[in-house]
Amino acid sequence: MPLKTVGTIAIPNAAGSEFDHAAFDAKSRRVFIAHTARDCIEVIDHDAGRHLATLPGFPGVAGAVADDGQILATNRGSASVAWLDAVTLETRAVFKTGGRPNGAVIVARSGLGIAACIGVDGETPTLQLFGLRDHKHVSIDLPGRPRWCVTDAEAGRVFLAIREPSMVLVARLPDLGAVTHWKIPSSGAHGLDIDHSRGRLYVACDDSTLVEMNSASGEVTNVWPIGGPPDVTFFNPVTGLVHVAIGEPGLVDSIDPRNGHATRTVTGAGAHTTALVAPDQLYVISPAHGGVLVLSDT
């Protein structure tokens, strides 16, 4: 059965706007949403089910990630990443990056922020690491345009989806060393998440497929069709489902990788980004709904 709609949450100036990657912070119980078209971050109080704040000053914000009360946001419009406190909503620091930072990771316990930068005007794409407290900076060149990235459970490796040549790039943390390239059989690697318990990566690709890979070896273990070119992809460790947002025509495809069973939920045109609020909800950021469409993931 499709995911069940349990409500909506209005966001100011959301109708007809453009959003990007969002994240739930379990410590503050808040969802942070990149409101790209308005150069701001929208904050949702999950427990109250309402919009809490609009944080201005994030030019072309492309994504927000969260870990243990800390937020990292990538600002394409100013070639920077911002480090925020999820409770006070204050910006702790801003770090300059390469052009058009896109995918991101924050590891609170290690004090690390990671940004995958597309580059501008012929600039080579890069993967950049920042010591949030000690201001350490490491950068490596990438073989193609970066999309999203995640780390393993120990934060000993980072995995990055590269559009073309379609692959997952793997680098050691905290120095971005020991780089390997895991090529995949589908074109346009895009959305990415990881199942830490089973050791599986899930890569949603532009050719309308979802690829499952062994996160230790890079072996491709499954490929499933999805309903169109994807964007944000989340794995829910509680339900075991992989959710893939597809902006056109406006869908969420949910696949159970244990048996390949798939369901499809109609959302709204342009609803290409989501936030997983484990254990049981998926936020779909939908301009057609004027904010957040809240789905039950049970």
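This briefing walks through the strands, loops, cysteines and largest pocket of the structure above. The structure is a predicted model, so keep the ground rules in mind: local features need pLDDT of at least 70, side-chain atom pairs count only at pLDDT 80 or more, and totals for chains, interfaces and linings use all residues. Residues are numbered from 1 along each chain as its sequence is written, and side-chain values use heavy atoms, with hydrogens and water left out.

**Sheet β6 to β9**

- A quick word on naming: helices (H or I, at least four residues) and strands (E, at least two) are DSSP runs, numbered from the N terminus.
- Two strands are said to pair if DSSP finds at least two bridges between them.
- In general, strands of a sheet pair through backbone hydrogen bonds, either parallel or antiparallel.
- One open sheet has four strands in the order β6-β7-β8-β9, and its pairing is antiparallel.
- Strands β6 (61-67) and β9 (91-96) are at the edges with a single partner strand each, so one side of each has no neighbour in the sheet.
- From one strand to the next, the twist averages 20°; axes here are lines fitted to C-alpha atoms (for helices, over the stretch in contact), and angles run from 0 to 180 degrees between N-to-C directions.
- Look at β7 (residues 70-75) and β8 (residues 80-85): they pair in the antiparallel sense over six bridges, and T74 has V81 in β8 as its bridge partner.

**Sheet β14 to β17**

- Another open sheet of four strands runs β14-β15-β16-β17, again with antiparallel pairing.
- Its edge strands are β14 and β17 (177-183), each of which pairs on one side only.
- On average, neighbouring strands in this sheet are turned by 20° against each other, direction ignored.
- Strands β16 and β17 share five bridges in the antiparallel sense, and V168 is matched with W182 in β17.

**A hairpin**

- Strands β20 (residues 209-214) and β21 (residues 220-225) pair in the antiparallel sense over five bridges.
- M213 has V220 in β21 as its bridge partner.
- Five residues sit between the two strands of this hairpin, and G218 in the turn has a positive phi of about 85°.

**Unusual backbone spots**

- As background, most residues other than glycine have a negative phi, and most peptide bonds are trans.
- L89 goes against that habit, with a positive phi near 70°; you'll find L89 in the loop between β8 and β9.
- S208 isn't a glycine either, yet its phi is positive at about 70°, and S208 lies in the loop between β19 (200-205) and β20.
- S208 is partly exposed, at 21% relative accessible area; buried means under 20%, exposed over 50%, and partly exposed in between (1.4 Å probe, protein chains only).
- E164 and P165 are joined by a cis peptide bond with omega of about -5°, and P165 is in the loop between β15 (157-162) and β16 (167-172).
- E248 and P249 are also joined by a cis peptide bond, with omega of about 15°; P249 lies in the loop between β23 (242-246) and β24 (251-256).

**Cysteines**

- A disulfide counts here as a pair of cysteine sulfur atoms within 2.5 Å, and by this rule there are zero disulfides.
- C117 is in no disulfide, as the nearest cysteine sulfur, in C149, is 9.9 Å away.
- Both residues are tucked inside: C117 is buried at 1% relative accessibility, and C149 is buried at 2%.

**Far apart in sequence**

- S286 is in strand β27 (residues 281-286), and S286 is buried with a relative accessible area of 0%.
- S286 and A14 are 272 residues apart in sequence, but 8.0 Å apart in space, C-alpha to C-alpha.

**The largest pocket**

- On a 1 Å grid over the protein atoms alone, a cavity is a set of points where a 1.4 Å probe fits but cannot get out, whereas a pocket is an open set with protein on both sides within 12 Å along at least five of seven lines; lining residues have an atom within 4 Å of a point.
- The largest pocket has a volume of about 900 Å³, where grid points are joined across faces, edges and corners and the volume is the space filled by probe spheres set on the points.
- Of its 34 lining residues, A66, D67, D193, H196 and F234 are the closest to the centre.
- Strands β2 (22-25), β6, β10 (101-107), β14 (146-151), β18 (189-195) and β22 (233-235) each supply at least two lining residues.
- The lining has 22 nonpolar, five polar and seven charged residues (Ala, Val, Leu, Ile, Met, Phe, Trp, Tyr, Cys and Pro count as nonpolar, Asp, Glu, Lys and Arg as charged, and the others, Gly among them, as polar).
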